[in-house]
Amino acid sequence: MLAEERLARITERVNENGSATVGELMEYLDASESTIRRDLNTLDSMGEIQKVHGGAVAISASFKPRDDEIADRRVINREEKCIIAKYAAGLIKKDDFVFIDAGTTTEFIIDYITEKQAIYVTNAINHACKLAHMGCEVYLTGGRLKSSTEAIVGAETFETLSGYNFTIGFFGTNGIHQKTGFTTPDREEAGVKHIAFQNCKNRFVTADSSKFGAISPVKFGDFENAVIITDKIVKGYDNCENIIIAT
C-alpha cells in the first residue's frame with residue numbers, strides 16, 4: 001500500500017470513529033507499529049489528526065489530557081451539575097448498595113440524598129465525610145490520595161472494589177463519545193472507575209453537556225453500557241436511548 005493511501009485511510013478512520021489506537025490501526029492496515037507511529041506523526045504535523053498517547057483523535061473532538069483542579073471544577077457549570085445531581089439522588093432506594101465515584105457532579109449528589117437506609121461506598125474523602133455527617137452508613141476505599149481530584153486510587157482501591165457488587169453506581173467522566181466511550185485522563189482513576197463500573201448492576205454517568213464529544217486518554221467504560229444523566233440534548237446524541245435529561 002502506498003504511503004499516501006495509508007495516510008488517507010488513517011485520517012478517514014480517525015475522523016469516522018473520533019479516535020483510533022495504534023493497535024487498531026496496525027490491524028486495520030496490516031502495518032507495523034513503527035509505520036503507524038510514523039504516519040501519525042506525519043498526519044499530526046499536517047494538522048489532519050491529533051496524535052495522543054497510544055493513538056490519535058479527530059481534530060473535531062475535544063481532547064482533554066489532564067484534570068483541572070477540583071476547586072475550579074466545583075464552580076464550572078455548577079447550576080447544571082446540581083440539577084443532574086438532584087435527579088440522580090432520587091434514584092437511590094432503600095437497601096441499595098451504592099457506589100459514588102470521586103468528582104464534583106457526584107459530590108453534589110450527596111447534597112440531595114434523602115435515603116439513609118442505603119449503604120454507600122466511595123473513593124473520595126470529602127464524599128465520605130459528607131455522607132457520614134448526614135448519618136449514612138459509608139465505606140471509604142483504601143489507597144493513595146490524589147490531591148488534584150481528591151480521589152483515592154491504586155492497588156488497594158482496586159482490591160477493595162473487586163469484592164463488591166453494587167446495586168447502583170454514579171460515575172463522573174471527563175469525556176463522553178459514542179465510539180470512544182467514557183474516558184478520563186488518569187490511568188489509576190480509570191482503573192477504579194472500570195472495576196466499580198463492571199461490578200455495578202445499574203450504572204449512571206452524571207455529566208453536564210460540555211462532556212459530550214470530549215475524549216481523554218484512558219477509557220473506563222463503553223458508551224452503551226451506562227445511562228447518562230445530563231442537563232440538555234447535544235447535537236449528534238439526540239437519538240440515543242440511554243440519555244436522561246434531568247429537570
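Is I125 buried, exposed or partly exposed? With a relative accessible area of 34%, I125 is partly exposed. The legends below describe close-up views of a predicted model.

**View A. A nonpolar surface patch that includes I125.** The residues I125, L140 and L145 together make a nonpolar patch of about 240 Å² on the surface. I125 belongs to helix 7, which covers residues 125-133. Because patches are made of residues with over 30% relative accessible area, I125 meets that cut-off with its 34%.

**View B. Helix 5 and its buried and exposed residues.** Helix 5 consists of 12 residues, 78-89. The distance from its first C-alpha to its last is 16 Å, close to the 16 Å expected at 1.5 Å a residue. Buried in helix 5 are K81, C82, I84, A85, A88 and A89. These residues lie on the same side of helix 5 because they cover an arc of only 165 degrees around the axis. E79 and K86 are exposed on the other side of helix 5.

**View C. D30 and its positive phi.** D30 is found in the loop that runs between helix 2 (22-29) and helix 3 (33-46). Its phi is near 50 degrees, a positive value in a residue other than glycine. Most residues other than glycine have a negative phi. The relative accessible area of D30 is 73%, so D30 is exposed.

**View D. E150 and its positive phi.** E150 sits in the loop between strand 8 (144-146) and strand 9 (151-153). Although E150 is not a glycine, its phi is positive, at about 60 degrees. E150 is classed as partly exposed because its relative accessible area is 24%, and buried means under 20% while exposed means over 50%.

**View E. E224 in a loop between two strands.** The loop that holds E224 lies between strand 15 (218-221) and strand 16 (227-230). E224 has a relative accessibility of 56% and therefore counts as exposed, given that the cut-off for exposed is over 50%. Along the chain, E224 and R38 are 186 residues apart. In space, the C-alpha atoms of E224 and R38 are separated by 33 Å.

Terms used
Residues numbered from 1 in each chain as written. Predicted model: local features only at pLDDT ≥ 70, side-chain atom pairs only at ≥ 80, totals over all residues. Heavy atoms only, no water. Patch = residues over 30% accessible without salt bridge, like charges linked within 9 Å, V, L, I, M, F, W, Y side chains within 5 Å. Areas by Shrake-Rupley, 256 points an atom, 1.4 Å probe, with all protein chains shown as cover. Salt bridge = Lys/Arg side-chain N within 4 Å of Asp/Glu carboxyl O. Helix = DSSP H or I, 4+ residues; strand = E, 2+ residues; numbered from the N terminus. Buried < 20%, exposed > 50% of the residue type's maximum accessible area, 1.4 Å probe, protein only. Expected span 1.5 Å × (residues − 1). Arc of directions from axis to C-beta.
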